[in-house]
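Hi there,

Here is the structure I promised to pass on. Have a look at it first, and then read on for what I found in it.

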Amino acid sequence: MQAWPPTSEKSKVAFSSTPQPPQPGKRRFFARGIEVVKRVVHSPDSQFSDTYDVLVDEEQGDLETIFANDLMIKLDTFDPSYLQPLKIFNQIVGTIANVILAQVEMDKSIKGLLDKIRDVYQCFMDKEFQKFSSTKETLAHLAQVVQECVQFINHYSETKSFWRRLGKNVVSKTSTTIASYSSALDSLVQQLRDTTIRDIHVTVHRVLEHATLQDIAYAAGVGMNTTKRCLDGTRTSILEEIVDWIDSHDPDTPRIFWLHGHAGKGKSAIAHTISMHYEHLGRLGSCFCFANARQTEQLHEKLFTTIARDLADRDVGFKSELAEAVSNKEWLKRTPDVMQQWQRLIVEPLSKLKGPMLGNIVVVIDALDASGAERNRGHILRLLGSSEVTRLPNNIRIFLTSRPLPDIHDALAHAKHVRSRSLDDISASIAERDMHAYISSMLKNLRDIFREPEITQLARKSDGLFEWARLACEFITTSRAGVDPRKRFHAIMSHALGQGNTLLDKVYSEILTGAIDSTPEALEQFHSVMRQILCTLEPLPISSLNILRSRFPMEVAPEDVQTILRFMASLFSGATDGCTPVRSLHTSFHDFLIDRERSREFFVDIGTMHTELAIASLRTMQDQLHFNICGLESSYVFNKDVVDLKQRIQEKIPPHLSYACRFWATHLAEATFDQILAAEVMKFLASEQLLFWLEALSLLKALGSVSGAMATTAEWLEVGWTNLFHGIFSEFIF
């Protein structure tokens with residue numbers, strides 16, 4: 001068998017990897033040349049000699065070049081993974097062109113072999129074969145056999161003479177050789193088709209699996225955020241400890257690592273750093289980060305469903321088992337029952353895997369304390385604190401962070417399968433070193449003002465609270481007319497040393513004192529805006545806050561929001577951007593504002609804000625809801641089949657209207673009975689806007705909240721009117 005690829009001088013031209021394009025003087029042959037070559041490849045036996053005569057009449061060198069270039073044009077459109085075997089085949093066909101031009105007389109059997117090669121060429125050009133990577137090896141084998149056929153045809157005259165000299169039966173020998181080549185080609189083509197059919201079945205199966213898993217409840221936007229990772233060179237000791245725990249192969253290694261500490265200690269930064277590290281290694285199973293600003297989304301009900309889908313994305317075997325678990329069980333895909341989620345969607349699919357997932361896999365759950373009220377995480381804690389966790393494969397680890405709230409501490413602190421670590425236990429020297437590096441980075445643009453002594457003072461003052469350091473540095477570096485960074489530094493340093501909340505409280509007070517004027521009018525504006533932000537159940541941008549604010553029953557200035565938030569960028573995201581949702585950057589600031597003893601003149605009394613937001617929501621719906629709000633062409637088309645529905649919803653149902661539709665009843669439930677609010681409710685229920693509200697909820701995928709909203713409304717009205725009339729009659733009687 002000849003070496004592959006061929007290295008003879010004659011074959012070097014045919015196997016050139018980059019055929020040269022036709023020269024300018026020869027371009028007039030290009031269009032006709034392509035057509036002639038196609039006629040050669042596709043012509044039946046009866047027309048072969050006529051086609052050959054046409055080739056001989058043309059300028060032979062031009063057509064050989066044209067033929068090669070035509071194939072290279074086709075190859076340029078192929079998937080790169082198939083390019084190499086197809087390039088090889090292109091080179092082979094170039095050699096066949098030479099053979100056709102050189103071989104004037106051929107046996108019929110040789111013509112039959114050429115027909116077979118023509119059929120193989122058609123297989124190579126079939127786009128169905130180009131879609132599957134598993135056909136690459138078969139395509140390469142086909143190219144090799146075809147090359148050997150070309151060599152046989154090319155040297156057929158010499159071979160036939162050699163057989164005659166040996167006294168061989170030329171016809172028989174030719175037939176046998178050609179039959180072997182033909183059989184090999186048939187076998188490989190069939191193998192190619194079988195592989196393609198198998199891959200089509202596999203692809204269809206995977207598409208169906210993907211479609212099945214898409215219906216499982218998933219919490220979007222809760223994953224890893226690399227911008228929140230630890231500064232390089234900081235937290236090295238605790239990060240190494242966590243990495244060693246994850247990578248340990250000791251079967252007695254605890255399945256859960258609970259990292260806890262008070263607000264501002266940097267727990268989330270560590271969680272995101274660990275997530276990023278193992279994402280790069282391909283061993284991050286899932287990252288789920290709770291947030292106070294998203295408590296209304298009931299994220300705790302999507303914790304294990306989201307983890308299950310993330311695991312399915314990284315492991316094909318688990319994906320198959322998960323798809324099987326929810327097959328024909330629509331209720332399981334969106335059940336809020338976390339025990340069912342854990343058992344059916346995680347434990348059972350993992351137990352059915354034929355082999356363990358490669359390497360140790362870590363699942364990161366950050367800020368469990370931000371999941372809402374204790375009742376929200378009660379079932380999750382009972383599960384994580386029980387021996388249920390030990391049913392997971394040995395290579396699955398759960399890294400969990402939270403504040404040491406009593407219910408979390410009681411569930412995890414003494415469990416044998418939980419490794420507990422407090423950031424409060426980090427040695428003072430290590431904490432100060434990390435803080436020094438962090439503050440140096442934050443103040444790098446003011447190095448001519450703040451040198452080593454000042455940075456060291458700030459690091460010691462921080463007492464290990466990264467949130468304090470962030471706030472202090474942003475307070476010092478705030479760019480405002482008349483602001484002197486040195487004076488702000490001294491203002492921060494002048495407060496007596498404290499611990500935990502006390503230290504943060506002093507920074508919060510200092511920032512608010514610098515941002516809010518001390519006049520009663522300014523403080524009232526601050527309290528009003530903060531009440532609205534704290535009571536809003538989902539973060540809204542300033543523009544939406546303004547629109548709702550303009551519909552409050554009491555006259556307030558919508559521009560108050562911009563006025564108050566303008567200088568509070570260190571405390572709120574979206575404070576200077578009208579389109580970004582406004583949310584507190586840290587849980588501790590929310591806690592500070594609603595604690596009178598801590599915040600003093602900045603204390604925010606929620607008061608009647610739920611009443612005001614309920615009225616504003618009802619008025620917004622009355623003003624802006626209307627029939628066919630998204631302008632759909634037909635009511636007979638399912639929402640899922642409207643191609644641009646998402647874009648239409650974004651354009652026609654802005655954030656404030658979406659918020660009003662989804663949360664007016666929630667605010668109503670929290671509001672004390674008020675006749676103005678009751679009148680707005682009755683007006684809404686008696687109008688066609690009620691129907692338009694249902695349409696909007698359908699578009700927002702929130703129809704499931706209708707029954708609860710109606711029950712809440714009926715109860716609120718019944719209790720409210722009953723109490724009101726009872727009071728009136730009591731006064732009349734007595």
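Gln-298 sits in the loop that links strand S2 (284–289) and helix H12 (303–314). Please keep in mind that this is a predicted model. The backbone at Gln-298 caught my eye: its phi is near 55 degrees, a positive value in a residue other than glycine. Most residues other than glycine have a negative phi. With a relative accessible area of 30%, Gln-298 is partly exposed.

Asn-628 is another residue of this kind, with a positive phi near 50 degrees although it is not a glycine. You will find Asn-628 in the loop between helix H28 (609–624) and helix H29 (645–652). Its relative accessibility of 22% makes Asn-628 partly exposed, because buried would mean under 20%.

Now a step back to the whole protein. There are 734 residues, and 49% of them are buried. The secondary structure comes to 33 helices and seven strands. Of the contacts with a separation of 6 or more, 79% are between residues 24 or more positions apart in the sequence. The protein exposes about 36,800 Å², and carbon and sulfur atoms supply 53% of that area.

Next, strand S1. Five of its five residues are buried. Ile-256, Trp-258 and His-260 point one way from S1, while Phe-257 and Leu-259 point the other way. S1 has parallel partners: five bridges join it to strand S4 (residues 396–402), and five bridges pair it with strand S5 (residues 418–422). His-260 is a handy residue to click on here, as it stands opposite Ser-402 in S4 and has Ser-422 as its bridge partner in S5.

Following the chain on from S1 (256–260), you come to the loop that leads to helix H11 (267–280), and Lys-265 lies in that loop. Is Lys-265 buried or exposed? It counts as buried, because its relative accessibility is 12% and the cut-off for buried is under 20%. Leaving aside neighbours within four places in sequence, Lys-265 is in contact with Arg-235, Leu-423, Asp-424, Asp-463, Gly-464, Leu-465 and Phe-466.

On to the nonpolar cores. The largest has 60 residues, and those that touch the most other members are Ile-439, Phe-526, Met-530, Leu-565, Met-568 and Phe-572. Apart from it lies another core, of 47 residues, which includes Leu-299, Val-338, Trp-342 and Ile-396. Back in the largest core, Leu-565 is one of the residues with the most such neighbours. Beyond four places in sequence, Leu-565 is in contact with Met-530, Ile-533, Ile-542, Phe-572, Ala-575 and Val-582.

Finally, the empty space. Rolling a probe the size of a water molecule over the atoms shows where such space is left. Across the whole structure, the search finds three cavities of 30 Å³ or more. The second largest cavity holds about 70 Å³ of space. Which residues line the second largest cavity? They are Phe-304, Ile-307, Leu-311, Trp-342, Ile-346, Leu-350, Val-363, Ile-365, Leu-392, Ile-396 and Ile-398. H12, helix H15 (338–351), strand S3 (361–366) and S4 each give two or more residues to this lining. Two names here may look familiar: Trp-342 and Ile-396 line this cavity and also belong to the core of 47 residues.

Happy browsing, and all the best!

Definitions and conventions. Residues numbered from 1 in each chain as written. Predicted model: local features only at pLDDT ≥ 70, side-chain atom pairs only at ≥ 80, totals over all residues. Heavy atoms only, no water. Helix = DSSP H or I, 4+ residues; strand = E, 2+ residues; numbered from the N terminus. Buried < 20%, exposed > 50% of the residue type's maximum accessible area, 1.4 Å probe, protein only. Contact = heavy atoms within 4.5 Å. Areas by Shrake-Rupley, 256 points an atom, 1.4 Å probe, with all protein chains shown as cover. Core = buried A, V, L, I, M, F, W, Y, C linked by side-chain atoms within 4.5 Å. Pairing = 2+ DSSP bridges. 1 Å grid on protein atoms, 1.4 Å probe; cavity = no way out; pocket = protein on both sides within 12 Å on 5 of 7 lines; lining within 4 Å. Points joined across faces, edges and corners; volume = space filled by probe spheres on them.
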